[in-house]
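Welcome! Let's learn to read a two-chain model together, one feature at a time. Keep the viewer open and ask whatever you like.

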Amino acid sequence: MTKKRRNTELVLLIFAWLLGVLGTLQVGWATGEGTPPRLWITAGAVAVVALVMHTVVRIRAPYADPIMLPVGTLLTNLGLIMIYRLDVADARRAQLNDSPAPTPDVYSQLTWFAIAGILFCAVLILLRDHRRLQRYTFTFGLIGLILMVLPLAPIIGTTVNGATLWVRVGGFQFQPAEIAKILITIFFAGYLVKTRDSLALVRTKVLGVGLPRPKDLGPIVVAWFISLGVLIFQRDLGTSLLFFGLFVSMLYVATQRRSWLIIGFVLFVGGAYFAYSNFAHVEARVTVWLDPWTYSDTTGYQIVQSLYGLANGGILGAGLGQGFPNLVPFASTDFIVSALGEELGITGVFAILMLYALLIERGFRAAITCRDGFGQLLAAGLSITLALQVFVIIGGVTGLIPLTGLTTPFLSYGGSSLIANWVIVALLLRISDRSRRPDTSQISPDDAMTQVVSRV
Amino acid sequence: MSRQIRRLSFVFGLLLIALLVNVTLIQVINARDYRDRPGNQRILLAEYDRERGPILVASDPVARSVETGNTLTYIREYNNGPLYAPVTGFYSLVYGATGLERTENRILNGKADIFTVDRIQQLVSGRQPVGGAVTTTIDAAAQRAAFKGLKGKRGAVVAIEPATGRILASVQMPSFDPNRLSSHDPADIREYYAELEADPQKPLLNRPVVSLNPPGSTFKVVTAAAALASGRFTADSILPGPKAYQLPNSTKKLRNWNGRECGPGGKVTLEQALAISCNTAFAWLGNELGASAIRKQADAFGFDHSFEIPLRAATSLFPADPDAPQTALSAIGQFDVRATALQMAMVAAAIGNSGRTMNPYLVQEIRGPDLSILQTTEPTQYADAMKPSDSLSLTDMMVNVVQNGTGTNAQISGVRVAGKTGTAQTGNDSPSVAWFISFAPAAAPKVAVAVVIEESGAPEVSGNGLAAPIAKAVMEAVLRR
């Protein structure tokens, strides 16, 4: 009998919550603000959201993985601490400049967390079985594609810092690509689980690697063109990379053919070279990546400031509230890992990376133990999305790879990203609940045959 | 598909390792290199982020940190910057710090061990340390009087409280404005610094404590002290004071500045020789006493020693091994004798303080961020320069200088002032240096002063004409308290 492990989850959640409270207190004390006046509101809100999520999991997905919810909560808490810390810095600067006090971001981020929590619960309550998603494969695919190109639409589309990835409706703005990545992962899973058999067919072998039939190259070429389109028209390097990487990885998992990885890699190199030699904004990113110091006052300013911040953090960090994370532009969004790295040191960065690794590893485990192909592909795809996004953004702000504008899952300030990542956790929990739930065949061995037949 | 997922997770594991290695390179291996890069503001910001403690004259902050609106949270502000520049120094983004800003840095930035208790609290609370305050020994009135007196001249003034060694005034002219060197605008800082560097008047030189000049006739009090210490001479001893003194083993003659005999028949008492600053008598006296006796006396007053007040003062010099003519010239403060204004103020102070040379100091108290006194400097004696009886005798001789001799411009009504004028030639054709050293009231002096004016371009009278009035103003400022 599989253990439910819900109490483990609760204990870990309490730990994650406590860490958030202590971190917020430390920021308040270290910056001289004193105990944050609304600490108990924020601590209370986080506690309520986390408890509600936990309760819904307990009822609706009792066998779900017990690690993912606490890890997501802990990462969200770390983000909230740093956003509050940057709020303090912004407010102080505004005060010194005699300019009006800026609206603190931490409360809107808390609101987004609450909304994310509601959607998390909605997914677990409304979606009893993840296989139902498979029915709407092409609907999700279409909506996902529309969402992805939505920022290009007139009037509502908005360009921020050179990249067109925002949609503004009234006073409300969001990044549709964040939602799109979930829908597209569902689409890929549903599409590939049906077509994998033909895509896995081998016509010729070159150097021991089986190549697919030329006519099966259609889907990957379409995906390639779409990601190039995103790169060229929306100038969104991150989403483009994420989209193509996700498709190729899922294709590989579905068909079990390494040749797709090789073809994907060749297409990626070709596309990257094409973009580099034809589009100034891509070339600029690469130039800065190769030598940020030469451009430290201009295009390399962000990355150089990020490196200075990380270096200032050293091993143990400057301490929460005691560094200068606000010197890095976009510290609360793209560069939140540099901000955390400065104040928590490499210790903190390692811890954060390990939390991500844990979350992704749990996602892959759910995929492996899942009993249906669609669920396997979906869980793998969602984990791949997380992994790619974490690598691309953290690799970017630390100068390992060229900088792309992606949010840091759970940590970054921003509603769309937070909601999307919590929906991903909800879906992974749903799948892991299905796969860890004891087989009913074990309960009544007599019905074993019927059970097997009834399985998809 | 499970195998493919495992392989993929292995690939992501490799990517994770790449991230970990890269972050280690940045935060551990290359961290120091990145921190030291010139474009990295963080180290300076850390300094400027803290409220640096003030430098106080009495209770008036002459250097303090005020909040700004930009990324550098605090800026250093100097009230009366040029007036106190030789004391405070500057605190510059580009050129580091000088003066008390430098020597007392760990007090001012709150990192000194003296703040241990506070620092433990800071460690617990994670709060930035707040700097302590440094109270100087400077007397604002004396400082201002000296600054006013030097206006339009090039030189320095040092005033000392004889009984303790407290430095009451340390003034230079020309001076500079530390505000501009301590601004947040590196381009302007560099421009101003280059301007000061290029100035032939050398305003950045901390003249009161590092500028060395031949002390000229003011050094005669040292020779006189050596004479009294030898036991062979008293104030009334008769010395030869001809128009010119034939330097031993030399064809050259040393003349009196006015070309006259110092007394009837070329005879003069020691007291009278000092009063009229008779060169020939003191040159003769120098050779009578010998170079080592004079050096011993000079060293007891602080020559050939580097004082840290805590600014490092230049070492005043008495030549190491002069021959007979050189000794004669050294005895009247010429040849290779060199002294700072601080040193000559110490000579005057020691004579007034019954012959005891005190260690000079500029920091009276160190206070915590809450202004509670953490440490008070206790006066310490450097040496016994004279027997008390000799010092009384020399004091009387110096009072005579002011009352009846060359130093009449230092007279203060109702107060007995002891003093000595001086003029020195820095080279054959170079302009002369005017000096005046004094202390008052003679019996129990509250203040000793040395005034040096470089490039005075005037004869012997200039000590009295240019320097004595400044000394008088400084003494009056202290005595008026």
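Q: Let's start with a helix pair: is the crossing of α12(B) and α18(B) right-handed or left-handed?

A: Before we look, bear in mind that this is a predicted model. The crossing of α12(B) and α18(B) is right-handed.

Q: How do I describe such a pair more fully?

A: Two packed helices are described by the angle between their axes and the distance between the axes. In chain B, the axes of α12 (residues 220-230) and α18 (residues 388-404) come within 10 Å, and they cross at roughly 140°. Angles over 145 would count as roughly antiparallel; α12(B) and α18(B) are therefore oblique to each other.

Q: Which residues in α12(B) and α18(B) meet?

A: A helix has a repeat that helps you here: an α-helix has 3.6 residues a turn, so residues three or four places apart point the same way. From α12(B) come B:Val221, B:Ala224, B:Ala225, B:Leu228 and B:Ala229. They meet B:Asp390, B:Ser393, B:Leu394, B:Met397 and B:Met398 of α18(B). Sorted by class, this contact has 8 nonpolar, 1 polar and 1 charged residues.

Q: How many residues of α12(B) are buried?

A: For burial, count the neighbours: a residue with 20 or more other C-beta atoms within 10 Å is buried. In α12(B), 10 of the 11 residues pass, so this helix is largely enclosed by the rest of the structure. Even B:Lys220 is on the buried list, along with B:Thr223 and residues such as B:Val222, B:Ala226 and B:Ala227. Just after the helix comes B:Gly231, with a positive phi near 80°.

Q: Where is phi positive in a residue other than glycine?

A: Scan the backbone angles and then ask where each hit sits. One of them is B:Ala58, with phi near 55°. B:Ala58 sits in the loop between β1 (55-57) and β2 (60-67) of chain B, and is partly exposed, with 13 other C-beta atoms within 10 Å. Another is B:Ser354, also with a phi near 55°. Its loop runs between α17 (341-352) and β13 (356-358) of chain B. B:Ser354 has 19 other C-beta atoms within 10 Å and is partly exposed; the cut-off for buried is 20 or more.

Q: Which peptide bond is cis, with omega near 5°?

A: Omega is the angle to check for this. The bond from B:Ile309 to B:Pro310 is cis with that value, and B:Pro310 belongs to the loop between α15 (291-301) and α16 (324-331) of chain B. A further cis bond runs from B:Ala440 to B:Pro441, with omega near -15°. Here the proline lies in the loop between β18 (432-440) and β19 (447-453) of chain B.

Q: Stepping back, how many helices and strands does chain A have?

A: A tally of elements gives you a quick outline of a chain. Chain A has 16 helices and 5 strands, whereas chain B has 19 helices and 19 strands. Buried residues are 52% of the 456 in chain A and 54% of the 481 in chain B. You can also ask how far apart in sequence the contacting residues are. Among contacts between residues at least 6 apart, those joining residues at least 24 apart make up 71% in chain A. For chain B, the corresponding share is 69%.

Q: Which residues have the most contacts inside the largest nonpolar core?

A: Picture a core as a network of buried nonpolar residues. The largest has 147 residues, and the most contacts inside it belong to A:Met250, A:Leu377, A:Leu428 and A:Leu429. Its largest share, 16 residues, comes from α13(A). To see one node, select A:Leu429: beyond its neighbours within four places in sequence, its contacts are A:Val57, A:Ala61, A:Ala64, A:Asp65, A:Met68, A:Leu69 and A:Leu124. Apart from this core lies another, of 130 residues, including B:Val62, B:Ile160, B:Phe303 and B:Met344.

Q: Finally, how many residues of chain A are in contact with chain B?

A: For an interface, count each side and then see which elements contribute. Here 46 residues of chain A touch 34 residues of chain B. On the chain A side, the elements giving two or more residues are α1 (6-30), α8 (237-255), α11 (301-313), α12 (336-369) and α13 (373-397). Of these, α12(A) gives the most, with 12 residues. By class, the chain A side has 28 nonpolar, 17 polar and 1 charged residues.

Methods
Residues are numbered from 1 along each chain as its sequence is written. Chains are lettered from A and ligands numbered from 1 in the order in which they are written. This is a predicted model: local features need pLDDT of at least 70, side-chain atom pairs count only at pLDDT 80 or more; totals for chains, interfaces and linings use all residues. Two residues are in contact if their C-beta atoms, placed from the backbone, lie within 7 Å. Helices (H or I, at least four residues) and strands (E, at least two) are DSSP runs, numbered from the N terminus. Ala, Val, Leu, Ile, Met, Phe, Trp, Tyr, Cys and Pro count as nonpolar, Asp, Glu, Lys and Arg as charged, and the others, Gly among them, as polar. Axes are lines fitted to C-alpha atoms, for helices over the stretch in contact, and angles run from 0 to 180 degrees between N-to-C directions. Angles under 35 degrees count as roughly parallel, over 145 as roughly antiparallel, 65 to 115 as roughly perpendicular and the rest as oblique. A crossing is left-handed if the near helix is turned anticlockwise from the far one by less than a right angle, and right-handed if clockwise. A residue is buried if 20 or more other C-beta atoms lie within 10 Å of its own, exposed if 12 or fewer, and partly exposed in between; C-beta atoms are placed from the backbone. A nonpolar core is a set of buried Ala, Val, Leu, Ile, Met, Phe, Trp, Tyr and Cys residues joined through C-beta atoms within 7 Å.
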